[in-house]
Structures are given as structure tokens and as C-alpha cells.
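Let's take a look at how two protein chains can sit together. Open up the structure and keep it in view while you read.

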2 protein chains.
Amino acid sequence: MIHTLEWTEQGVRFLDQTKLPTEETYVTCNTHEQVADVIRNMVVRGAPAIGVAAAMGIALGVKNSTAESPGDLKRELDQICDVIGKTRPTAVNLFWAIRRMQEKFERIRIRPVTQIKQGLIEEAQRMHAEDIAANQAMGRHGATLMPADGGVLTHCNAGALATAGYGTALGVIRAAVEEGKKIHVYADETRPFLQGSRLTAWELMKDGIPTTVISDNMAGAMMRQGKIKAIVVGADRIAANGDVANKIGTYTVAVLAKEHGIPFYVAAPISTVDLACLDGSQIPIEQRNAQEVSHIAGKQMVPDGVAVENPAFDVTPAQYIAAIITENGIARSPFDISLRKLTAQEVEVHP
Amino acid sequence: MIHTLEWTEQGVRFLDQTKLPTEETYVTCNTHEQVADVIRNMVVRGAPAIGVAAAMGIALGVKNSTAESPGDLKRELDQICDVIGKTRPTAVNLFWAIRRMQEKFERIRIRPVTQIKQGLIEEAQRMHAEDIAANQAMGRHGATLMPADGGVLTHCNAGALATAGYGTALGVIRAAVEEGKKIHVYADETRPFLQGSRLTAWELMKDGIPTTVISDNMAGAMMRQGKIKAIVVGADRIAANGDVANKIGTYTVAVLAKEHGIPFYVAAPISTVDLACLDGSQIPIEQRNAQEVSHIAGKQMVPDGVAVENPAFDVTPAQYIAAIITENGIARSPFDISLRKLTAQEVEVHP
């Protein structure tokens, strides 16, 4: 069992993903500012995990508050949400989590401050549990799309480490393997942050699922050689029309999939769907520090004076996507209709 | 001026490409075994440079020989060629260079041993000079295909560092810039060996040609954003039908180019064309050490117990290629006819 993040008596505990695969160490945050830092520095990453981390960070900030009235607590909550909201712009789950915590506050603001605090802490923990349950449901739906045997390619890490547990894309693979399907995973290493080689390979190895790591630029050759029967990736934000923002390089994989007639699947919880974004052009793309590309393991790989680009995500247009797997079922083209239908099925959990 | 490799009185001197871009150091080889090692370890790499290095290694081995008769020298030459020929399997220039040195021997074997030795040394030096001249001719032909301004993507390093000087793909870019075209180069970093970030960026920076390094998996997003107007890469072997073996990831770039309607060009000397290979399926693909993928700058990035693939090259089928630029002119589809025609134009240099 992988404990990506947990609410503990001592604070919010994170498995430090920057240290994997060679060191399994944990970081405990005692303030919401510390949680904002671990999100920004990618100690925790992956859209669903960022959502749960944001909720727990907010709960932590509220717990630490000395406010004595709901009104004072609300002002602090807004400041806390502002700090958490400025960490990473692309994953919509971050803003979904903030909104859900704010809505929770509104529903219980008539109660005493100690009860409001407790209610928000419980809401964050509920979001953690719900995320795992959503991934397991996604796995059941998505497993039916996986081949009975053969290679399945994934990009980045959309696994237990990108969620509260089990994973979205890797949850689909896990569920397929649990059903007896003989899947061999090809994991793109996923430059520049190497989530594929460091994280996906690590968690699949822990589960005994056969995995081969390849450089991102080997995916085309593997497809041409017939080694890949399906592709499944996660998502950081899904627009109303089915365009998907995901880790940089996902679009390249989707184009290769089309060229080779290989189905390209996206697995993500309903919280990743942003109906307010009409299409992918409206999704903000985070630009990260150039040093992630120019330096590896502290070693300079690009000469001084040469420019570097480092967009963390790209957008895969809906027409490249065979299906989007959610906890509420599988959406297919036309996605504007199917996604809206699945989103409406979302069960609101009230206190 | 970049001195990739040179024949000197002290031996064959190589710019150590494994140390770039942060250290500019040189390695001098005194034996053909040492030359075989620097080819194998990629101190020198790039198909045309490997060809010239092989010729110089053979000349060095012959120079060191104590054989007193042409017959004894021939037996040693065969052994030397055998050592050099076992370094890297994909670049056909290696075998072309061996054949050319053997043919030179045959033409002058009636002479005294000292003259044969001198003739082979001169042949290797001539191949060095011819390679630079071929690249400059390639540049003149290819520059006409480059856009007047805008982004040109290249993969791996097909530059001065991959040749005796000037470069094949980068020679085309250099010639276009010399003609006044305003080109901004996008250099794929080219995992696992990072020839793009370490070598292409370094030599273009030295020439003041604007360059942006991107991770390989960003190329698709850059094309979709309209930043790339043309693509030009080198080749390690070109089959008779126009299929091209080049650095792993080239095929992915070619598929992306097709999807975006961007012309994809290959620049390579005639010595890279292997008419004995009918198509790409007959080109042997070198598998290199898994550690090139699993470890970067000495740091382990893939957990123990997980498999890694590391094919050094892939094959881009001819139908993805807009044109092949050689020193004898530009070949277009149908390549089986155009390549044969350009190959027949090759001017044999006799002693």
C-alpha cells in the first residue's frame, strides 16, 4: 500500500516524490504554507493528489487558526485558499478542492468555530477516501477497455502516487491485471521530471506488474514494432468538448497512437472535468523553471546562453481520444454530450 | 572552428563529446584499438564523423605496423579493419570507410611498405577534407529548402560535431543563415544521450545561431503552436528505397511532421546511402547499455528490477520524408530512382 498523502495527528504527511525511486522518505507539513510549498515543488503531484493535498492544506490552515468567530475564520479561510490556489495553475482539481472546502464552510458556518474546524478536517479526509473509491470505480470501468494481453503504454505517472491511492490510468491497469489480463506496461520516462521512470516504474514494480521504461522518443518505434496495444494516461484538466490537458508529451503520444491505429484512453475523475472551459485553448498551461530541462541530477546539460522552454503540460484535442474513463462511466465522442451527462451524475456528499 | 577530429603528429585527436557542453577537452589516440574505444564510447559519434574516425584509426594502425612486406601489412590491415568494424553496427559510413581504405590499399599495394602507409594516411586525411566539402555542398543545396524565417526543428546532433566539420543537418541550417535566412533552431534534447542539449546547442551557440532546447516530448506541442516551419535531421544509414535510420526519436518527429503538414528533410552524404539495403527492415539497429536510460549523470532514475529498452536508432519510412539532401543534390520520391541517380554521380577520388 502506497501512502501518497495522509492526514495525521502531527500534520499532513507526504511521500516525498522528488526522492523516488531510490529513497522512500516522508515530509510532514504543519502549516498550509508548507503544503503550498510541497505542491509547488512537486513533492506531491498529479491532479487528483493535488486536489486532496489542497483540501488537507486548507483543513490544516483552518485548524491552526486562532479565529474566534465564523466571520473571522471565513476571512482566514479565504487567505488560506488564496495561498493554496497560487501553487499550480493547470490542474483544475486544485480549484475544485478549494471550492468544495468553501462550500462545506458555507453549509456549516452557523455552527461553533470548533465544529466548523472539525467539519472541514473531516471533509478533507472524506475527499481522500472518495478519491480512492473513484479510482477503483474508474478501474472497473476502464479494465474492460484493456487488451487481454500485451503492451499498454502510459505517459507520466497517473498512479497511486498521483492520487490518494490506486491511481487513474494505473488504476485501470491495476484493475485489468486483477481481472487476470496479462498486461506489460511500457512507461515513458517523461522528461523533464521523469515521473515515468522514477514514479510509475516504482509503484508498478511494488505491485509486481511487468514494466519496461523507455525514453519518451522511443514510443513511436515501439508502436511501429507492434508492441503497444493500447494507451492510457491521466489528465490535469478536461474541457467541456473533451480536449485534455495532461503532462507535456501526451499530445505526441496521441498523434503516434492515431498514426498506428492504437486506441488512446484518458482516465480521470469527474473533478478533473472543467465544463467552464469550452475547449483546450482556454486551459492555462504552467511554464516551469528552465533548470528542470537544462540540469539533470545537478549536472548542467545545456550550455549557458541557450534558451530553454519548459511547458509542464500540453493539450490533446478530443478527436485523438477513443474514450475518457471516469468513476461514473466511460465517455465517448461527442464528448460535449457524454461528459456533461457523466458530470451530472456526480453524487454530492452533504454533511 | 570546431575540431571534431584531426590527424596530428601525436596521433588522432578527438574533441571529447561526452564532456560537452561544460568541458572542452581532447583525447589523443595512439593506436587503432584506442580509436575503436572512442567510437564505441561515443567520445566521437555521428555517422560521417564515425566514418572519418574509422579511416584515421585504420591509418593509425597501419602506421604503427612493423610489417615489412605488403602481404604482411595486408594481413594486419584486415585485423585492424575487423577491430574498427565491430564498434557500432548502424552507421554505414563505418563500413564505407573500411571498404574505401581497403580499396586504396589494393590500388597501391605494389609500392614499398612505407609508401603504402603514407598513402593510407593521406587517404584518411582526404576523407576528412572531402567530408567538410560534402557538408558545404549539402548546405548549399539544402539552404534553398529552409524557410526565410522561423523555427526549424532538429533532432540529435547532425552538426560539425557529427562530421569532420560544418555538419549535415546543421550544415543546411548554417548555409541558410549565411544566406541571410532568419532561422531559430529548436533542438530536441534527444534522450538518452542528450546530443541535442549538450552538442547541438553548444555548437549553434558558438556560431551565434539562436537556439531553444526542448525535451523530446515537447516537439509535438511546438508544432501544434505553429512554431516549427521545417524539420531537418541527419541519417546513420539510408536504404535504397529512401527509408532512413537515424537517432531514436526521429521517427516520432517524422510522424508529428506529417500530422502538422511540416516538411521533414534528411541531410546526409552519399556515403550514408546503402543501396545493398533494400529497405529499412534490413538496417541493423544497435541496442545500447540500459544504464544510458536508467542513470543520468550517475544518478539512478529507474528502480531496480524494472526493465529498460535502449535502441539507439529507429527507422523512418520513406513516405514521411519530403527530401533527402546530399552533396550531389536533392533526392525526392520515388527515392529508389532519385537516390540511385545521385549515388552514381559520386566522384571517385583516385591517387
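Here's a quick tour of the contact between the chains, the strands that cross it and a few backbone details.

First off, this is a predicted model. Chain A and chain B bury about 4,500 Å² between them, and the contact takes 55 residues from each of chain B and chain A. Turn chain B by 180° and it superposes on chain A, with an RMSD of 0.0 Å.

**How the two copies are related**

- The rotation that puts chain B on chain A is 180°, and it comes with 0.0 Å of shift along its axis.
- The two copies are therefore related as by a two-fold rotation axis.
- Both copies use the same surface, since 100% of the contact residues of chain B turn up again in chain A.

**What the contact is made of**

- How much of the buried area is on carbon and sulfur atoms? Of the roughly 4,500 Å² that chain B and chain A bury, that part is 63%.
- Three residues stand out on chain B's side: B:Asn217, B:Glu259 and B:Glu309 supply 15% of the area that chain B buries against chain A, more than any other three residues.
- There are 6 salt bridges between chain B and chain A.
- One you can look up is the salt bridge where the side chains of B:Glu259 and A:Lys258 meet, at 2.7 Å from N to O.
- Polar contacts show up too: 26 residue pairs make them across the interface of chain B and chain A, counting pairs with both residues at pLDDT 80 or more.
- Several elements of chain B give two or more residues to the side that touches chain A, among them helix 7 (195-206), helix 8 (219-224) and helix 9 (250-260).
- Strands of chain B are on that list as well, including strand 6 (211-214), strand 13 (299-300), strand 14 (307-308) and strand 15 (313-316).
- Which element of chain B gives the largest share of the side that touches chain A? That's helix 9 of chain B, with 7 residues.
- Sort the residues on chain B's side of the contact by type and you get 29 nonpolar, 14 polar and 12 charged.

**Strands that pair across the chains**

- Strand 6 (residues 211-214) of chain A runs parallel to strand 14 of chain B, and 2 bridges join them.
- Within that pairing, A:Thr212 has B:Ala307 as its bridge partner.
- Swap the chains and you'll find strand 14 (residues 307-308) of chain A paired with strand 6 of chain B, again in the parallel sense and over 2 bridges.
- Here A:Ala307 has B:Thr212 as its bridge partner.
- Try tracing an open sheet of 8 strands with mixed pairing, in the order 17(A)-16(A)-10(A)-7(A)-4(A)-5(A)-6(A)-14(B).
- The edge strands of this sheet are strand 17 (329-331) of chain A and strand 14 of chain B, and each pairs on one side only.

**Backbone details to spot**

- A cis peptide bond, with omega about 0°, joins A:Ser333 and A:Pro334.
- You'll find A:Pro334 in the loop between strand 17 and helix 11 (335-344) of chain A.
- In chain B, the peptide bond from B:Ser333 to B:Pro334 is cis, with omega near 0°.
- B:Pro334 is in the loop between strand 17 (329-331) and helix 11 (335-344) of chain B.
- A:Thr190 isn't a glycine, yet its phi is positive, near 70°.
- To find A:Thr190, go to the loop between strand 5 (182-188) and helix 7 (195-206) of chain A.

Technical notes
Residues numbered from 1 in each chain as written. Chains lettered and ligands numbered in written order. Heavy atoms only, no water. Contact = heavy atoms within 4.5 Å. Buried area = accessible area lost by both parts, 1.4 Å probe. Salt bridge = Lys/Arg side-chain N within 4 Å of Asp/Glu carboxyl O. Polar contact = N/O pair within 3.5 Å; in protein donor to acceptor, adjacent residues only side chain to side chain. Helix = DSSP H or I, 4+ residues; strand = E, 2+ residues; numbered from the N terminus. Nonpolar A, V, L, I, M, F, W, Y, C, P; charged D, E, K, R; others polar. Pairing = 2+ DSSP bridges. Least-squares fit on C-alpha atoms with pLDDT ≥ 70 in both.
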